[in-house]
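Good morning, and thank you for the opportunity to speak. I would like to guide you through one protein structure, which is shown here.

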Amino acid sequence: MELKRVVVTGLGALTPIGNSVSEYWDGLINGVSGAAPITHFDASKFKTQFACEVKGFDPHVYMDRKEARKMDPFVQYAIASTDEAVKDAGLDFDKLDRTRIGVIWGSGIGGLTTFTEEVAQFSKGDGTPRFNPFFIPKMLIDLAPGHISMRHGLQGPNFSSVSACASATNAMIDAFTYIRSGRSDIIISGGSEATINEAGIGGFNAMHALSTRNDDPKTASRPFDKDRDGFVSGEGSGAIVLESLEHALARGAKIYAEVVGGGMSADAYHITASHPEGLGAKLAMTMAIKDAGMDFSDIDYINVHGTSTPVGDVSETKAIVDLFGEHAYNLNISSTKSMTGHLLGAAGAVEAIASILAVKNDIVPPTINHFTDDPEIDSKLNFTFNTAQKRVVNAALSNTFGFGGHNATIIVKKYNG
């Protein structure tokens with residue numbers, strides 16, 4: 001079977017540094033931090049009192065109040081970003097075969113806000129079960145792609161990928177596979193997350209996973225810096241329209257980039273910590289490059305997982321040096337989490353968008369908040385510290401890794417006809 005080529009024809013983003021793709025990209029290349037004191041709830045008694053929240057979002061711009069009440073924020077975010085991506089791609093579904101258009105979506109946790117609110121309300125009562133009839137449908141992760149499909153009448157493959165912080169990348173790799181094998185013409189893919197609430201912040205605090213730099217939130221996300229002390233929680237959504245090249249050309253679509261490979265692996269090591277030598281990360285990157293039919297030297301930029309945790313940043317850089325050898329020092333590397341925080345299950349989507357735009361615009365977004373080199377991290381690597389860098393980016397690789405040892409890597413390159 002001849003594999004079809006897959007291209008990106010639409011993008012949508014709702015992030016802590018911009019509520020559209022153009023705002024998001026502008027924030028990235030200008031090194032804007034999305035971290036600020038938490039406003040979603042009273043965090044004054046929490047160890048961490050700041051996060052990278054979406055700002056100024058009004059769900060009623062996208063849906064009426066009755067519809068909004070049926071959706072957890074992570075679904076509302078998904079609707080917002082996919083609306084932008086569909087418009088950007090110029091999709092007129094009335095002229096297309098809806099049975100060959102699907103939605104494959106990622107989220108690591110899903111409706112945690114709904115779950116937190118409903119259980120808190122129940123605990124205040126006398127034990128009589130009084131729950132919102134939409135409690136379960138609002139909470140389920142698969143309702144994000146479900147709502148997107150219902151909104152547009154899309155009857156193709158429709159499901160969620162769940163692999164913690166690797167979820168959105170796994171979803172995009174699934175979408176890529178469906179199109180490449182000829183089973184679908186278009187897949188709307190990506191991920192969304194909305195976990196900045198009492199349970200989300202409290203739970204990650206209990207694990208000692210979050211930065212507690214309450215005195216200086218904007219510089220708290222410090223990937224690869226010696227004084228990093230944990231990740232900064234983020235929220236939002238990223239949507240990507242993937243389409244077979246044949247189908248895109250037939251309808252005269254604009255093309256951002258080509259998706260050429262994906263790789264997945266397991267650390268098989270620990271429920272939360274990455275393998276200290278980055279063996280799973282190395283395997284996922286190796287598989288993606290092999291799947292793309294590329295050489296290691298073909299990669300110009302890596303959007304790393306780079307969460308700003310003491311162990312994770314070291315293991316990922318070890319994997320890069322071990323895999324790429326001397327070419328590792330020719331790469332640009334950056335962690336856009338330094339600006340957006342960690343969007344958990346949505347991270348892979350917004351970071352894939354950053355990678356796609358780096359390829360399109362030949363600009364590598366920076367890793368901000370670098371102050372002190374870490375002696376455990378190879379200082380000869382170009383982490384694009386603090387300032388965006390112009391360079392030709394023919395191919396970019398994006399890494400996402402999740403609790404449970406899930407690793408996923410996707411590769412995009414310039415579309416050359």
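I shall speak about one helix, then about salt bridges, then about one histidine, and finally about cavities. Please keep in mind that this is a predicted model.

Let us begin with helix α10, which runs through residues 279-292 and so contains 14 residues. From its first C-alpha to its last, the helix reaches 20 Å, close to the 20 Å expected at 1.5 Å a residue. Which residues of α10 are buried? They are G280, A281, A284, M285, A288, I289 and A292. These residues lie on the same side of α10, because they cover an arc of only 170 degrees around the axis. What do the buried residues of α10 pack against? Their partners are strand β8 (257-266), helix α11 (310-324), and the strands β13 (395-402) and β14 (406-413). Just after the helix comes G293, which takes a positive phi of about 65 degrees.

I now turn to the salt bridges. As a general point, side chains of opposite charge can pair when their charged atoms come close. How many salt bridges does a search of the whole structure find? The search finds 20. I shall present some of them.

One of them joins the side chains of K254 and D88, at 2.8 Å from N to O. K254 sits in the loop between α9 (245-250) and β8, while D88 belongs to helix α3 (residues 73-89), so this pair ties together parts that are 166 residues apart in sequence. K254 counts as partly exposed, at 41% relative accessibility. D88 is likewise partly exposed, at 22%.

Next, consider D313 and R228, whose closest N and O atoms are 3.4 Å apart in a salt bridge. D313 lies in helix α11 and R228 in the loop between α8 (198-206) and β7 (236-244), so the pair ties together parts that are 85 residues apart in sequence. Are these two residues buried or exposed? D313 counts as buried because its relative accessibility is 0%. R228 is buried as well, with a relative accessible area of 7%.

Helix α11 also supplies K318, whose side chain meets that of E277 in a salt bridge of 3.5 Å, N to O. E277 lies in the loop between β8 and α10, so here the connected parts are 41 residues apart in sequence. K318 counts as partly exposed, at 34% relative accessibility, and E277 is partly exposed with a relative accessible area of 43%.

Salt bridges can also be linked to one another: E67, D83 and R151 form such a network. D83 brings us to the histidine, since H152 touches D83, V86, F93 and R98, leaving aside residues up to four places away in sequence. H152 is located in helix α6 (residues 143-152). At 15% relative accessibility, H152 counts as buried, because the limit for that label is under 20%.

Finally, let us look at the cavities. A search of the whole structure finds 2 cavities of 30 Å³ or more. The largest has a volume of about 40 Å³. Which residues line the largest cavity? The lining consists of V8, M172, I240, L242, V259, A352, I356, I410 and V412. The elements that give two or more residues to this lining are β7, α13 (347-361) and β14. Strand β14 has appeared before, as one of the elements against which the buried residues of α10 pack.

Thank you for your attention.

Note on methods. Residues are numbered from 1 along each chain as its sequence is written. This is a predicted model: local features need pLDDT of at least 70, side-chain atom pairs count only at pLDDT 80 or more; totals for chains, interfaces and linings use all residues. Side-chain values use heavy atoms; hydrogens and water are left out. Helices (H or I, at least four residues) and strands (E, at least two) are DSSP runs, numbered from the N terminus. The expected span of a helix is 1.5 Å times one less than its number of residues. Buried means under 20% relative accessible area, exposed over 50%, partly exposed in between (1.4 Å probe, protein chains only). The arc is that of the directions from the helix axis to the C-beta atoms. Contact means heavy atoms within 4.5 Å. A salt bridge is a side-chain nitrogen of Lys or Arg within 4 Å of a carboxyl oxygen of Asp or Glu. On a 1 Å grid over the protein atoms alone, a cavity is a set of points where a 1.4 Å probe fits but cannot get out, and a pocket is an open set with protein on both sides within 12 Å along at least five of seven lines; lining residues have an atom within 4 Å of a point. Grid points are joined across faces, edges and corners, and a volume is the space filled by probe spheres set on the points.
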